[in-house]
Amino acid sequence: MERLNNIENIRKVRADLVEGVFRPGRNVVKVCCGLPCSTLGSYKVAKALEDEISRSGLQIDVVKTGCQGLCQKGPLMQIEPHGFFFQKVRPEKAKDVVSYTYSAGSPVRELLYRDSFLDKPKELFEEVPFYKKQLKIALRNTGNIDPFNVYHYISVGGYSAIEKMFSTMSPEQVIEEVKKANLRGRGGAGFPAGIKWAHSKKAASKIKFVIANGDEGDPGAFMDRSVMEGDPHSLLEGMLICAYVLDAHYGFIYVRHEYPLAIKTLKIAIKQAEELGLLGKDILGTGFDFSIQIREGAGAFVCGESTSLVASLEGERGFPRPRPPRLSEIGGGVWGYPSNLNNIETYACVPPIIEKGADWFLSIGTQGSAGTKVFSLAGKVKNTGLVEVPMGITLREIIFDIGGGIINNKKFKAVQTGGPSGGCIPEQYLDLPVDFDSLSKVGSIMGSGGMVVMDEDNCMVDIAKFFLTFTQAESCGKCPPCRIGTYQMLQLLEKITSGKGEEGDIEKLERLGKMVKLGSLCGLGNSAPNPVLTTIKYFRDEYEEHVYDKYCRAKVCNIGVFMIEQSECILCGLCKQACAFNAVKETRRSFFIDQDYCTKCKSCYLACPVGAVKIMKEKYKRLEEEFRLSSESLDEIERRRQMTLRDVLASRPCEVVMIRKDSTISEAVSIMTQKSVSGLFVVDESDKLVRLFTERDIVHCVFNNISFDEVIGNISMRDIITFDPSTKVSSALAIASKQKIRHLPVVEGDKIIGMITFRDIISYLLPEVCYMAETIY
Amino acid sequence: MKIEEIDIDEQIGEVGNLLNRQEKRKGVLIHALQQTQEDLGFLPEDALKRLSKTLGIPLVEIYSVASFYKMFHFKPRGRKVVRVCLGTACYVRGSKKVLAELENTFNIKSGDTTEDLAMTLETVGCVGCCGLAPVTTINEEVRGELVGGRKIEGLISSIRED
């Protein structure tokens with residue numbers, strides 16, 4: 001490789017490449033060789049293609065690119081210049097690809113993408129719904145170029161941002177541009193990168209460091225890996241721009257050791273850039289020096305936190321350090337030198353901003369969050385993979401349009417964003433536009449961009465426990481709130497999911513969670529309770545089911561009562577074989593589960609081929625045995641048992657009839673007759689409820705010879721008992737009978753909601769009673 | 001790489017010019033540990049003692065660092081290291097079942113090594129292959145979409161074969 005000694009050189013190289021080797025319209029097969037696709041055999045496909053091409057004598061380039069996104073359907077392939085998109089390509093198909101597509105110009109039909117079996121196949125790349133709504137900035141080259149060849153990057157306009165920067169811009173102008181573009185940190189917190197850079201620049205130190213955070217520890221996130229493996233030079237270019245701004249000469253890329261391919265790719269990329277004079281001493285003849293080293297992590301999630309990452313770079317235990325001093329200040333960064341730390345994706349977004357300007361970047365996304373964001377879409381969606389979308393797109397568009405909806409047409413339950421620091425977002429917020437601020441409003445965070453979709457088969461308590469198990473194990477142990485707090489929270493969740501939950505446990509969890517959030521030193525502890533707190537907030541009923549009914553509606557936790565539904569049982573005996581504790585007993589013509597022996601291990605439930613083993617709530621079992629009710633009608637009864645006064649009020653039109661306390665009795669009687677009600681709310685001047693005036697009070701007046709011209713406020717009456725609308729009907733009835741009252745005033749705070757009489761309750765309950773009776777007999 | 005031959009200045013690279021001796025020694029520690037483990041498979045006490053001598057870092061400090069990070073091991077490991085991914089995406093698609101199946105088949109708990117040193121079973125936070133969940137890695141090779149009995153049997157037999 002020839003060293004490029006000035007800016008003109010690189011322009012010339014690019015022009016030569018575009019006109020020569022990489023001229024547009026040439027025949028290229030882009031085979032995705034990202035980790036998932038290569039797992040599925042894309043290297044074999046590429047090899048077969050190369051063999052086939054050399055045999056056919058055609059002029060076709062095979063480019064092994066980074067991740068193309070739709071990992072689930074791998075190995076993927078893009079055909080140029082036709083623009084075809086092939087999925088699930090097997091090595092045997094190489095021949096068809098060459099002969100059909102390049103000789104005949106038509107796509108290989110069985111390799112085309114289809115939404116479902118019945119749909120028409122999509123021929124072109126742009127037609128595939130997964131890619132339709134995407135807009136790529138950070139991933140602009142990932143999946144398009146060969147990451148091991150710097151010329152590929154240069155030919156698609158790579159390193160033109162530094163050309164512009166070195167020839168026309170001062171460091172201050174670059175900062176202004178990044179600030180104006182409002183590029184917010186893609187690593188999670190969303191701190192504006194421009195402000196961070198300005199801060200680091202202000203620090204009075206001759207030596208500064210530029211660090212890229214590639215310790216992508218969030219389970220379910222893999223966008224940084226894709227950039228490092230698929231487009232390493234855009235990261236290097238972004239870091240170089242940052243170094244130019246800060247006048248820094250050393251850079252580090254901290255990569256987690258679970259990504260060996262990323263480390264290899266980056267090493268090659270750095271070596272090639274150094275050979276070309278794009279890194280190292282006297283870059284492009286400008287006299288600017290900048291060298292980048294790779295530092296491998298050693299497997300600690302907490303090292304993604306900025307201060308722990310610094311400790312780890314220095315060769316210490318990865319403990320976070322108290323701030324201030326911040327990383328950008330003297331004494332805060334590596335070895336005490338000011339350091340600027342950004343996420344991989346943030347650096348990858350910088351070159352296009354410099355190249356195309358801040359206004360272009362601002363035109364994408366929402367007001368507070370400009371640009372795009374990469375999400376790794378995973379979990380129970382049809383199309384999993386890597387997507388980059390403009391900010392402000394709704395969750396529904398990501399999950400249902402790009403992701404293709406839930407697999408097996410199950411019901412969507414929640415989407416988890418932001419990894420173990422984020423939260424679960426329920427169905428009601430599906431139309432939420434996704435940006436930094438809106439996600440934090442609903443209790444979650446953007447985080448690094450993991451997006452895991454959950455359906456009705458996932459238990460939210462179990463998910464919360466899963467995340468807490470992770471953060472508890474990864475807590476570094478430095479500060480007690482995090483170390484002890486997460487442990488205690490985990491114990492509580494363990495208790496709840498194993499069916500030993502008690503009243504008050506959920507509240508205890510909430511209290512502990514808030515304390516851990518407040519008391520912890522670093523971001524890990526500050527955010528560790530988020531998954532628990534958001535699931536309690538949005539799925540409290542599931543927690544309550546676990547605690548009070550010992551029942552898990554997703555049938556994930558090993559609790560509940562196991563029964564065999566005789567009408568569905570096909571007497572195959574598999575459950576008996578599966579049970580290790582002899583709890584499944586056999587009679588002459590049926591199987592049943594002996595509850596004394598059952599350990600709730602779920603073996604029989606998983607073994608049954610027809611789903612005749614049922615898991616139900618404990619109290620259901622009793623009712624079922626006593627009254628022989630189906631579980632649907634038990635559900636219905638359970639719902640009715642939960643009825644509150646609010647339901648009764650909602651069941652009939654209700655008018656609040658009030659009277660001032662300085663009115664006379666005769667006025668009250670006439671209002672009661674007109675409105676045909678049997679009781680009135682007596683209020684004072686400020687419409688505040690004082691007492692009730694009912695038919696019984698009229699009887700009282702007649703008996704005691706009180707004149708009907710007497711003011712209501714002057715006659716003695718009983719103290720008023722008010723009810724909150726959330727009172728259960730059963731307890732309201734009990735109180736009313738005990739206190740011998742017939743009118744139940746319903747009040748929420750200071751507001752009068754309505755009046756319920758004994759008769760209302762009876763007429764509301766009568767159908768229910770009949771229903772009960774009918775189902776029982 | 002021999003532990004005695006570690007060249008601190010070469011390992012630390014250009015940044016070394018900015019640092020004092022102690023900082024340089026500490027700076028290469030994690031890398032040296034990684035190299036040692038790569039050569040020996042794990043970190044035996046005697047190697048750590050030699051490392052302590054070469055780098056001039058007290059043995060306790062080396063242990064302090066090595067025990068903090070998950071990738072370092074002080075016990076011999078199996079020839080095949082099987083890592084079941086328990087990342088979120090894998091978890092919701094049922095990687096717990098894969099782990100339970102492997103634990104039962106080889107009769108070891110996660111984190112243990114079989115007695116004949118044939119394999120070590122571990123769990124991992126995420127291998128970044130969420131599109132193919134649930135995922136398990138055998139050494140560096142990734143196995144994806146391990147749903148259903150047949151796939152898991154295939155995984156077990158490829159762990160067994162040498």
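## A guided tour of chain A and its contact with chain B

Begin by selecting A:D247, which is found in the loop between helix 11 and strand 6 (250–255) of chain A. The model on display is predicted. Phi of A:D247 is near 60 degrees, a positive value in a residue other than glycine. Most residues other than glycine have a negative phi, and most peptide bonds are trans. Is A:D247 buried or exposed? The answer lies in between: A:D247 is partly exposed, because 13 other C-beta atoms lie within 10 Å, whereas a buried residue would need 20 or more.

**The whole of chain A**

Next, zoom out until chain A fills the view. Its C-alpha trace spans about 115 × 75 × 50 Å along the principal axes. Chain A contains 32 helices and 22 strands, and 47% of its 777 residues count as buried. Of the contacts in chain A with a separation of 6 or more, 70% are between residues 24 or more positions apart.

**The nonpolar cores**

Return to helix 11 and move into the interior. In soluble globular proteins, nonpolar side chains tend to be buried together. The largest nonpolar core has 219 residues, and those with the most contacts inside it are A:L49, A:M239, A:I241, A:C242 and A:I398. Helix 11 (residues 232–246) of chain A supplies the largest share of this core, ten residues.

Select A:I241 and display its surroundings. Which residues does A:I241 touch, not counting those up to four places away in sequence? They are A:A161, A:I162, A:M165, A:V174, A:V350, A:P351 and A:I354.

Another core, of 13 residues, lies apart from the largest one. To find this second core, select A:C575, A:C579, A:C604 and A:C608, which are among its members.

**The five-stranded sheet**

Now colour the open sheet of five strands in chain A, whose order is 10-9-13-11-12 with mixed pairing. Strand 10 (385–390) and strand 12 (423–426) of chain A stand at the edges; each has a single partner strand, so one side of each is left without a neighbour in the sheet. From one strand to the next, the twist averages 30 degrees.

Within this sheet, select strand 9 (residues 372–379) and strand 13 (residues 450–455) of chain A, which run parallel and are joined by four bridges. At A:G379, look across to strand 13 of chain A, where A:V453 stands opposite.

Move to the edge and select A:P426 in strand 12 of chain A. A:P426 is partly exposed, with 17 other C-beta atoms within 10 Å. Leaving aside neighbours within four places in sequence, A:P426 is in contact with A:A414 and A:Y538. For a sense of scale, draw a distance from A:P426 to A:V97: the two C-alpha atoms are separated by 44 Å, and the residues are 329 apart along the chain.

**Strands 1, 3 and 4**

Strands of a sheet pair through backbone hydrogen bonds, either parallel or antiparallel. Select strand 1 (residues 28–32) and strand 3 (residues 77–80) of chain A, an antiparallel pair joined by four bridges. Here A:V28 has A:E80 of strand 3 as its bridge partner. Strand 3 of chain A also pairs with strand 4 (residues 84–86) of chain A, in the antiparallel sense and over three bridges. In this second pairing, the bridge partner of A:I79 is A:F84.

Stay on the hairpin of strand 3 and strand 4 of chain A, which has three residues between the strands. A:G83 takes a positive phi near 85 degrees there. A:P81 lies in the loop between these strands, and the peptide bond from A:E80 to A:P81 is cis, with omega near 5 degrees.

**The loop between helix 13 and strand 8**

A second cis bond can be found by selecting A:P324, in the loop between helix 13 (306–313) and strand 8 (339–343) of chain A. The peptide bond from A:R323 to A:P324 is cis, with omega near -10 degrees. A:W335 lies in the loop between helix 13 and strand 8 of chain A as well; although not a glycine, A:W335 has a positive phi of about 50 degrees. A:W335 is partly exposed, with 19 other C-beta atoms within 10 Å.

**The contact with chain B**

Finally, show both chains. The contact takes 42 residues from chain A and 36 residues from chain B. On the side of chain B that touches chain A, the elements giving two or more residues are helix 2 (21–40), helix 4 (59–68) and helix 5 (88–92) of chain B. Helix 2 of chain B provides the largest share, six residues. By type, the residues on this side of chain B divide into 21 nonpolar, ten polar and five charged.

Note on methods. Residues are numbered from 1 along each chain as its sequence is written. Chains are lettered from A and ligands numbered from 1 in the order in which they are written. This is a predicted model: local features need pLDDT of at least 70, side-chain atom pairs count only at pLDDT 80 or more; totals for chains, interfaces and linings use all residues. Two residues are in contact if their C-beta atoms, placed from the backbone, lie within 7 Å. Ala, Val, Leu, Ile, Met, Phe, Trp, Tyr, Cys and Pro count as nonpolar, Asp, Glu, Lys and Arg as charged, and the others, Gly among them, as polar. Two strands pair if DSSP finds at least two bridges between them. Axes are lines fitted to C-alpha atoms, for helices over the stretch in contact, and angles run from 0 to 180 degrees between N-to-C directions. A residue is buried if 20 or more other C-beta atoms lie within 10 Å of its own, exposed if 12 or fewer, and partly exposed in between; C-beta atoms are placed from the backbone. A nonpolar core is a set of buried Ala, Val, Leu, Ile, Met, Phe, Trp, Tyr and Cys residues joined through C-beta atoms within 7 Å.
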